[in-house]
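Biologist: Could you walk me through this one before I start on it? I would like to know what to look at and how the terms are meant.

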Amino acid sequence: MIEVKNLIFEYPTKRALHDVSCEIKTGSITALVGPNGAGKTTLIRCVVGLHGPFSGQVLFDGVGVHEHPRDCHRRMAYLSDFFGVYDQLTVRQCLTYTARAYRVSGDKVGTVVEAAAERLNLTDRLREKSGALSRGLRQRLAIAQAIVHEPEFLVLDEPASGLDPEARQSLSMLLIGLRDAGMTLLVSSHILAELEGYCTDMLIMREGRIIDSRQLAGELSKARRLRIDLAAPNSDLLALLENTAGVAQASVDDDVATLMFSGDVAAQHALLRHLVEAGIPVAGLRENRVALQGAYIAQIHEYDSGKKPA
Amino acid sequence: MRGNPEFIRNLWLEFTLHRVLVMPAIVGILFLLMYLVNGQKLDSATAVSAAILFCSIIFIWGTRVASESVIQEINASTWDTQRMSAMGPWSMAWGKLFGSTVFVWYGGFICMGLYWMSYIDILPEDRLAKLILVYILSGVIAHATGLLVSMQAVQKRRDFGRVQVTFYLLVGFAAALPGLYIGLSGWADDGVYRVMLFYDQVFPLIDCVLIALVVYSLWALIGIWRMMRGELQMVNGPWVWLAFVAFTVAAFAGIRLLHPDVGKAMPDISSKAYHGYAMLLILTYVIALAEPKGPVLFRRLRRYVQLHDWASFFNAMPRTILMLIFVLLASIVLLRLSESRITVLEQPINFHLATIATFLFVLRDVGFIYLLNISRYSPRNDMSAFLYLALSYTVIPVSLIFIGLDPLTAMFWLQWDSGAGLTLGPIVIQVLIVFALMARAWKTRVVRDGDVI
């Protein structure tokens, strides 16, 4: 869906993006991670056409974002980390204005406003002034504004910052819901544990470069990373896993094996039974929740120690 | 208008029931007081008070809100949402210009209604209508210029305070002032239209002012539209600016402003050319100070040259460079049209040398503005350059005269009747110094930094 080709962006005193190339697949939720100052926000602003690059290209379904910004903007949305809403307008007016600004036809405006409000649990707040809303509700309103025209591509820069744990949980559920509804998402965040809950792909940035680009799970996150603890090392395990349906990226390191598993809970039970019946000394089987953070830290260390970026 | 989301949003914001009621109440009370003080008569005194109310509301309040209309979006972090929307630059331009000021126009039209009531039994209707049009169109010019200047500033900086907004307000007001002043004084005491010469034809002054106000309101709106296009990352070629320059130079060339002695001393065509030339110089300084011109732009231009991408180069090239080319060509035309020496008010002028020196002064000043912008990064570079240049034309040479070093003023002022050495020598040296410094800054900030960072 999005192709970034050799993007270079310069501020007057600094080159912020160095020949960045990457791809964002349709239907994915891509995590854009990296330390402060890595260039995440600059990349995002170039991708959505708010910054004109020094050189390079961003293509949205083959259409140049900087050559045809308005054509692309109709089909995408962006929520900045420092978003604002119109405090003097009601929630309904904010959503109606945004729908009209995105050229939603007049007879459909009411419907899309109601739908966006319902999706963000704002239906009972439609008459309230947005300036009177709490931080979490303002965040929901801002997201509702971003999705009111049903964009195909949604970009969120640090969407969870400033939210309490409950609001973060509901944000995660919302993003998964949007993905399931057919949107492609690019999410920049520092909170890796939360990204892990819903992201399918990851881009790691450091010093204005993409140092790693990887799919976190097969079949766009229907797969989960599983960890198998063994009572004793077993030389047959790797071959067995590689020949098992639904298993990918299997690796065995001494008495621990990790793999991507695309089956549901029943299939996971069948896998466990299959391993035990095959004589594998399984001591435990659990979902590995540290994949994103681990991959991120490993890549950052690898880059910092001077190895060639991926 | 119904379909413009930006205009509708402003209507929601501006027209609350409370405000709709308060505006006529306050204006009405103030006008009633004046009416009572005036012995319950409607005449020029009440008309003037209505006009003062109009000017306060439209020129002070209105120009401020117009100037702030984009700045407030930036400060409130809502500007990106608008830039990402599907609204076109034209919708955004007029939606902001007339939307942000819709409430002050509500008050302004009430004032003009009272103005009409005060004068209707005193002035002929057509004259009264034209006076009201002068007020209204001057207001549009002030608002449009304030918004235009603030949007020009948005290209260079994203942090704004009261000082900046007050500056944009003053620029807007200054843009409206000539039209307002000439328009309101467009009649002689006996009520007859004053006239003016335009390309040697006689026209009623008031009609010329009204036409100029309409045309320059449209130009300002076109300017805002171009700025909006830039904010939406659309490519803006130089054609609209060049069309504006051509129009303005041609318009001012037709106005008879020069002292009659100058007219006698020159063939008629060269007097018109000199008017146009003076306007060309003013516009060159305006664009040189206004447009963005940091090292990143020049690195980008250098890259276009390396890629032989001449279309992109032409679109991104600073308009100032084109203006300098036009100033050079216009200087050559002036030299060919004019006598070598003329006398104005008994002051002999070496016209050819002065024209060459004028071009060199422009070259030095523009070079200095660019030198500051290439050498260092600061959103205040252009203001600093303006102040330095203002000092170089005023305080420094005047100080030199006071301390008895009159000959040194040749470095700062155009010499009207000196020899080639004194007229051209000092300015040639300054041009060489400025361009040598620019070449050094270019090597470090554009070439070296562009290759390294």
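Modeller: Let me begin with contact, which here holds between two residues if their C-beta atoms, placed from the backbone, lie within 7 Å. This is a predicted model, where local features need pLDDT of at least 70, side-chain atom pairs count only at pLDDT 80 or more, and totals for chains, interfaces and linings use all residues. Residues are numbered from 1 along each chain as its sequence is written, while chains are lettered from A and ligands numbered from 1 in the order in which they are written.

Biologist: OK, how many residues does the contact take from chain A and from chain B?

Modeller: Chain A gives 32 residues and chain B gives 27 residues. On the side of chain A that touches chain B, the elements giving two or more residues are β2 (14–24), α2 (69–73), β6 and α3 (91–101), where helices (H or I, at least four residues) and strands (E, at least two) are DSSP runs numbered from the N terminus.

Biologist: Which element has the largest share there?

Modeller: That is α3(A), with four residues.

Biologist: And where does β6(A) sit in its sheet?

Modeller: The sheet is open and mixed in its pairing, with six strands of chain A in the order β6-β7-β8-β3-β9-β10; two strands pair if DSSP finds at least two bridges between them. Because β6 (76–79) and β10 (209–215) of chain A each have a single partner strand, they stand at the edges, and one side of each is left without a neighbour in the sheet.

Biologist: In which sense do β6(A) and β7(A) pair?

Modeller: β6(A) and β7(A), residues 153–157, pair in the parallel sense over four bridges. Ala77(A) has Leu154(A) as its bridge partner, and Leu79(A) stands opposite Leu156(A).

Biologist: Are the β6(A) residues buried or exposed?

Modeller: Met76(A) and Tyr78(A) point one way, Ala77(A) and Leu79(A) the other, and all are buried, meaning that 20 or more other C-beta atoms, placed from the backbone, lie within 10 Å of a residue's own (12 or fewer is exposed, in between partly exposed).

Biologist: Switching topic, what confidence does chain B get?

Modeller: Chain B averages a pLDDT of 90, with 94% of the residues scoring at least 70; pLDDT is the predictor's confidence in each residue, from 0 to 100. For the complex, the predictor gives an ipTM of 0.86 and a pTM of 0.86.
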